[in-house]
Amino acid sequence: MTNHDDPDLALRQWRAAAADPSTVLIDGFHALKHTLRFGGELRQIVTTDRSALGELSRALAPDVAKAVLAAAVEVPPAVLREVVARPHPTGVAALAVRPDPELALARLSALPRRAPVVVLDNPRNLGNVGAVVRLAAGFGVTGVVTTGDLDPWHPTVVRAGAGLHFATDVARLPADRLPPGPLYVLDPEGESIHSTRLPDQALLVFGSERHGVSEELRSRADALLAIPMRPLVSSFNLATSVGMGLFHWQAHTATR
Ligand SMILES: C[S@@+](CC[C@H](N)C(=O)[O-])C[C@H]1O[C@@H](n2cnc3c(N)ncnc32)[C@H](O)[C@@H]1O
């Protein structure tokens, strides 16, 4: 990385790094802060205002302020708009190296595990997946696995996850290659979750926003659990369901 503020050079370096499929876009200050805090490897940082970035870093994340400023290159707003379609209000973007997918998979599959794995079965909404990664990081679970065609490392997901992809393991897998562990499927039609203690080895499976959990995963479930709802309400939002499921796991863990 360079700390010379040469926008043309910065743009050329950005394009070269972005062409590498192992590179992920880190959009905005909060994502950048978490990437650094959780050991993500940065390739480049660009900002439209170095001194504003310095102030923001010192105010919100003094632990990473030095690293941010040492690497950030100031570029005109037009250059930021070239590299990020919709620049974040904090005026900063970065490129980081995606952690090795094979290592992530090995960690997700290792037994015994100290905390569950969240499985999102064919999620459709990028914002929901990001919110779930943020929940997984906050609750300290083993990681998040998605099935289906959505890329859980899509820039919009990383932005919605506030860069917390680096604080947990995130991978996409076919439904027939999930990590080992008992399958606890969360579904409005299941029995009340209140009578069940979720084991640390569990895969907690949540369905897609429109269709719920696939028949295939439902048929393999060790338990089908519902978060009780008032009559006439059909379901909760996907990410809030994951939050409630993880809170239930954590509440029982804390009282062990
Ligand atoms: C928006 S809901 C899907 C609704 C879908 N129409 C269905 O029939 O399941 C997305 C996911 O959130 C979880 N979910 C939503 N409400 C829930 C509840 N009350 N209990 C358990 N899981 C719930 C389930 O995993 C569900 O598949």
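This short talk goes through the two domains of the protein, the interface between them, the ligand site, and a few local backbone features.

What you have in front of you is a predicted model, so please keep that in mind throughout.

Let me start with the division of the chain. Domain 1 covers residues 7–97, and domain 2 covers residues 101–254. Taken over C-alpha atoms, the centres of the two domains are 30 Å apart.

Now the interface. On the domain 1 side, 15 residues make contact, and they meet 9 residues of domain 2. The size of an interface is often expressed as the accessible area that is lost when the parts come together. Here, about 1000 Å² is buried between domain 1 and domain 2, with carbon and sulfur atoms giving 68% of that area.

Which side chains form the salt bridge between aspartate and arginine at 2.8 Å? They are those of aspartate 27 and arginine 159, with that distance taken from N to O. The count of salt bridges between domain 1 and domain 2 is 1. There are also 3 residue pairs in polar contact across this interface, with both residues of each pair at pLDDT 80 or more.

Which elements supply the side of domain 1 that touches domain 2? Strand 1 (23–27), helix 2 (29–37) and strand 4 (92–97) each contribute at least two residues to it. By residue class, that side has 8 nonpolar, 5 polar and 2 charged residues.

Next, the ligand. It is surrounded by 18 residues, and the closest are Leu186, Gly207, Ile227, Phe236 and Ser241. Serine 241 has an N or O atom in its side chain that is 3.1 Å from a nitrogen atom of the ligand. Two backbone positions also come up here. A polar backbone atom of arginine 210 is 3.1 Å from a ligand nitrogen. For aspartate 187, a polar backbone atom is 3.4 Å from a nitrogen atom of the ligand.

Back to salt bridges, for the overall picture. The count comes to 9. One pairing to look at is arginine 43 with aspartate 20, whose side chains meet at 3.2 Å, N to O. This pair links distant parts of the chain, with the two positions 23 residues apart in numbering: arginine 43 sits in strand 2 (residues 41–47), and aspartate 20 in the loop between helix 1 (7–18) and strand 1.

Finally, two backbone details. Where is the cis peptide bond with an omega of about -5 degrees? It joins leucine 111 and proline 112. Proline 112 is in the loop that runs between helix 6 (101–109) and strand 5 (117–120).

The other detail is asparagine 122, which has a positive phi of about 55 degrees although it is not a glycine. Asparagine 122 belongs to the loop between strand 5 and helix 7 (126–139).

How values were computed: Residues are numbered from 1 along each chain as its sequence is written. This is a predicted model: local features need pLDDT of at least 70, side-chain atom pairs count only at pLDDT 80 or more; totals for chains, interfaces and linings use all residues. Side-chain values use heavy atoms; hydrogens and water are left out. Domain bounds come from an automatic or database domain assignment. Contact means heavy atoms within 4.5 Å. Buried area is the accessible area (1.4 Å probe) that two parts lose on being put together, summed over both. A salt bridge is a side-chain nitrogen of Lys or Arg within 4 Å of a carboxyl oxygen of Asp or Glu. A polar contact is a pair of N or O atoms within 3.5 Å; within protein, one must be able to donate a hydrogen and the other to accept it, and residues adjacent in sequence count only if both atoms are side-chain atoms. Helices (H or I, at least four residues) and strands (E, at least two) are DSSP runs, numbered from the N terminus. Ala, Val, Leu, Ile, Met, Phe, Trp, Tyr, Cys and Pro count as nonpolar, Asp, Glu, Lys and Arg as charged, and the others, Gly among them, as polar. A residue is near a molecule or strand if one of its heavy atoms lies within 4 Å of it.
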